[in-house]
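Got your viewer open? Let's take a walk through this structure, one selection at a time.

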Amino acid sequence: MYYFYTVNIHEKYIKRCIELAKNGLGTTYPNPMVGSVIVLNDTIIGEGWHKKAGEAHAEVNAINSVKDKSLLKDATIYVSLEPCSHFGKTPPCANLIVERGIKNVVIGVVDANSKVSGRGVQYLKNNACNVIVGILEEECYNLNKRFFTFHTKKRPFIILKWAETKDGFIDKLRDETSENTPNWISNEYSQQYVHKMRAEEQAILVGTTTALNDNPSLTVRSWSGKNPIRIILDRTLKIPNDYNLLSDGIKTIVFSEVKRMIDAGRNVIFEQIEFNKNVPQQICETLYKYEIQSVIIEGGKQTLESFIDANLWDEAYKFIGDVYFEKGLVAPKLTSALIKRLNFSNDILEIYKNENN
């Protein structure tokens, strides 16, 4: 019977839910990543995950995968996030669980979305379901750190990212004779990992200097996935229209102090902000309006440091390349906790977490 299941059994199947949910990384926005498994007699009889906004949720896919639906009334459904209880693009999952006669429900973490939060659990309880909540809660929260940050802090999950040399520089000194191309610091393996990051996040942001010096595309080229929305800080609209960020038709948002109409032909949106006030906070408020749940701040130095100074960041990815510049633009400094170190051949990636925001 359900009440004799141990916590270890619950953790075992919630872990599987988390594994399944990760298949939706980068494709479920604005929805969270969710995985679900259905278990009978310590055997998985169905499983599924949410693949894309507007399509079936994890619980629906798990239930549909069960060949013999008569088994559901004696089974337990595990789900990494609280089942929804409202009508959106799809019907409520909590209702489906009740309709299918599933009486035992184990949930990783309660949803942060005000349309759902606690209501799915209450609906299940009101319909005689046995509900357990909070199994591997921290792991389930971290799975959807972007989603939870967006709904609780009313801003995107912010990732700082830069590459620096072994002697601590992020760029060489430039003048009017310098070419508008990057001075590469990281190797091809690190660069591929960065493209993987871009495919997993909703947006990527650079400042004017980086856009002018490097003429980047900020697209996914060395990894499969969707290109992120590009965001540019361009106070006085210095960036030429024929630069990559403004001319290739990929959705781009430009923050400037000049009011301009949307350029639909180039898929460019202009947003006016006050550059003499808290720029990072204004950016966060605007991106929240566009329902952007995550953004990579990729440079340059002034832009990165503005988010550090405003304490508006969640994680930082620092790539240390196997090169020396001897002089140049000094890299940003962090005092936060180092949580992970990875190697990409001769490059080192250090990942930091902001525990004070």
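Let's begin in an open space: the second largest pocket holds about 900 Å³. A pocket here is an open set of points on a 1 Å grid over the protein atoms alone, with protein on both sides within 12 Å along at least five of seven lines, and lining residues have an atom within 4 Å of a point. Its volume is the space filled by probe spheres set on the points, with points joined across faces, edges and corners.

Before you click further, note that this is a predicted model, where local features need pLDDT of at least 70 and side-chain atom pairs count only at pLDDT 80 or more, while totals for chains, interfaces and linings use all residues. Residues are numbered from 1 along each chain as its sequence is written, and side-chain values use heavy atoms, leaving out hydrogens and water.

Now select Asn142, Lys145, Arg146, Phe157 and Glu315: of the 31 residues lining the second largest pocket, these lie nearest its centre. Elements giving two or more residues to this lining include α5 (137-143), α6 (145-153) and β13 (315-320). Helices (H or I, at least four residues) and strands (E, at least two) are DSSP runs, numbered from the N terminus. What classes of residue make up the lining of the second largest pocket? The split is 13 nonpolar, five polar and 13 charged. Nonpolar covers Ala, Val, Leu, Ile, Met, Phe, Trp, Tyr, Cys and Pro; charged covers Asp, Glu, Lys and Arg; the others, Gly among them, are polar.

Next, jump to the largest pocket, with a volume of about 1100 Å³. Pick Thr210, Asp214, Glu298, Gly299 and Gly300, which lie nearest its centre among 42 lining residues. That lining has 16 nonpolar, 16 polar and ten charged residues.

Ready for a closed space? The largest cavity (points where a 1.4 Å probe fits but cannot get out) has a volume of about 80 Å³. Show Thr28, Tyr29, Met33, Asn144 and Arg146, the ones nearest its centre out of 13 lining residues.

Now colour helix α2 (residues 58-65), whose buried residues are Ala58, Glu59, Val60, Ala62 and Ile63. Buried means under 20% relative accessible area, with a 1.4 Å probe and protein chains only. Those residues pack against β1 (35-40), β2 (43-49), β3 (76-81) and α3 (93-99).

Last stop: how many disulfides does the whole structure have? Zero, where a disulfide would be a pair of cysteine sulfur atoms within 2.5 Å. Select cysteine 93: the nearest cysteine sulfur, that of cysteine 84, is 3.8 Å away.

Definitions and conventions. Buried < 20%, exposed > 50% of the residue type's maximum accessible area, 1.4 Å probe, protein only. Contact = heavy atoms within 4.5 Å.
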